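User: I am new to this structure. Please take one part of it and look at it closely, then connect it to the rest.

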Amino acid sequence: MKAGIVGLPNVGKSTLFNCLSNAKAQSANFPFCTIEPNVGVVNVPDPRLSKLEELVQPEKVIPATVEIVDIAGLVKGASKGEGLGNQFLGNIRETDAIIHVLRCFENDNIVHVDGSVDPIRDKETIDIELQLKDLETVEKKLEKVKRAAKTGNKEAQKELAILEQLKEALESGTSVRAVEIDQDDRDEFVKPLQLITDKPVLYLCNVNDDAAVSGNDYVEQVKEAVKNENAEVLVLAVGTEADINELDDYEERQMFLADIGLEEPGSAKLIRSAYKLLNQQTYFTAGVKEVRAWTVNIGATAPQAAGVIHTDFEKGFIRAEVIKYDTYIEYGSEQKVKEAGKLKVEGKEYIVQDGDVMHFLFNV
């Protein structure tokens, strides 16, 4: 599962990517410095993992990860191939969620592609290009479905009505994710189209460090503009995060954060938010060999969770032994949890909960 960082040129995408991944994507003061999308596999910060490590004292600890893709800056006309338009749209289509970076800071030394700072205009520029591309996809599909609907095919007629609803929404500047469609119909008719504006989105307001804690007027404008989109808005001083990232000493980092009023780097919040945006959650395995965070979709069953470790675990699943994270911490060890009768034995129907500590029994 991949989250793509998008935005206009020079809004801080590559600097953000460097913060998140410690990979050094080229960050320069001109458009299109990121031509091939950079991909970083980022550890998901999770204090629960450290707590389990303290109790279990394993040989190694492995965190959950999320894949972040830094995509070239988009400009007006991208849907028609302007700038790196076609490449940008192809790259973003391959991601599962969008982190949309908006410039919410003034700095005369960093040029804005449109000459002035206006995050709402910037958001609309990108929205329009993505909507135009989706409209193209919907119109192509409509041509095919219309022919089938004319023959009286009931399924085609139903699909036709949904496609016309999408077309009308896109033409009026509404993204597909905001269109109200029954979930079953969305799964059957909308998802296969892989529409860009159907992907979940998180808006990241890039601010100066004096606005890192409480935001600024630009941030308030963004919150107001997206209030009906069911999207999270995060505030991050990306340049400051990059400075913190350069510090090797943990104590120095904490002092730097305290100076600007933060308890943890904003990038940690962003990674966790991206993880949620991708509909992901964590379960743990805890033993002396390793304590590990595993990633599963929210709503996954116990056999599906077992399959993340190895496909044989899913095929031959018998049962799962489950300890709630809080219970594990309360009693301090798996043995004490068992003695207290708090270990649960679950079957194939069990829906995994975030933070479950699990052990699988299987037979192949």
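Analyst: Start with Glu290. Glu290 counts as buried, because its relative accessibility is 18% and the cut-off for buried is under 20%. This is a predicted model, and every value here is computed from it.

Where does Glu290 sit? Glu290 is found in strand β9. What does Glu290 touch, leaving aside its neighbours within four places in sequence? The contacts are Pro58, Lys60, Ile62 and Thr285. Strand β3 covers residues 60–62. Strand β8 runs over residues 280–286.

Just ahead of β3 lies a loop. It joins α2 (47–56) to β3, and Gln57 is in it. Gln57 has a positive phi of about 55°, although Gln57 is not a glycine. Most residues other than glycine have a negative phi. Gln57 counts as exposed, because its relative accessibility is 59% and exposed means over 50%.

A second loop leads into β8. This loop follows α10 (266–277), and Asn279 is located there. Asn279 also is not a glycine, and its phi is positive, at about 65°. Asn279 is partly exposed, because its relative accessible area is 38%, between the 20% and 50% cut-offs.

Now go back to β9, residues 290–297. Strand β9 also helps to cover a helix. The helix is α11, residues 302–309. Which residues of α11 are buried? They are Ala302, Pro303, Ala305, Ala306 and Gly307. The cover over these buried residues includes β8 and β9. It also includes α12 (311–315), β10 (317–323) and β12 (357–362).

For contrast, look at a spot on the surface. Glu155, Asp182, Asp184 and Glu188 form a negative surface patch. Asp184 lies in helix α6, residues 183–190. Asp184 is exposed, because its relative accessible area is 58% and exposed means over 50%.

Last, the whole protein. It has 14 helices and twelve strands. Of its 364 residues, 48% are buried. Take the contacts between residues at least 6 apart in sequence: 68% of them join residues at least 24 apart. The accessible surface comes to about 18200 Å², and carbon and sulfur atoms account for 46% of that surface.

Technical notes
Residues are numbered from 1 along each chain as its sequence is written. This is a predicted model: local features need pLDDT of at least 70, side-chain atom pairs count only at pLDDT 80 or more; totals for chains, interfaces and linings use all residues. Side-chain values use heavy atoms; hydrogens and water are left out. Patches are made of residues with over 30% relative accessible area and no salt bridge: like charges are joined within 9 Å, nonpolar side chains (Val, Leu, Ile, Met, Phe, Trp, Tyr) within 5 Å. Accessible areas come from the Shrake-Rupley method with a 1.4 Å probe; for residues, only the protein chains shown count as cover. A salt bridge is a side-chain nitrogen of Lys or Arg within 4 Å of a carboxyl oxygen of Asp or Glu. Lys and Arg count as positive and Asp and Glu as negative; His and the chain ends are not counted. The place of a charge is taken as NZ of Lys, CZ of Arg, CG of Asp or CD of Glu. Helices (H or I, at least four residues) and strands (E, at least two) are DSSP runs, numbered from the N terminus. Buried means under 20% relative accessible area, exposed over 50%, partly exposed in between (1.4 Å probe, protein chains only). Contact means heavy atoms within 4.5 Å.
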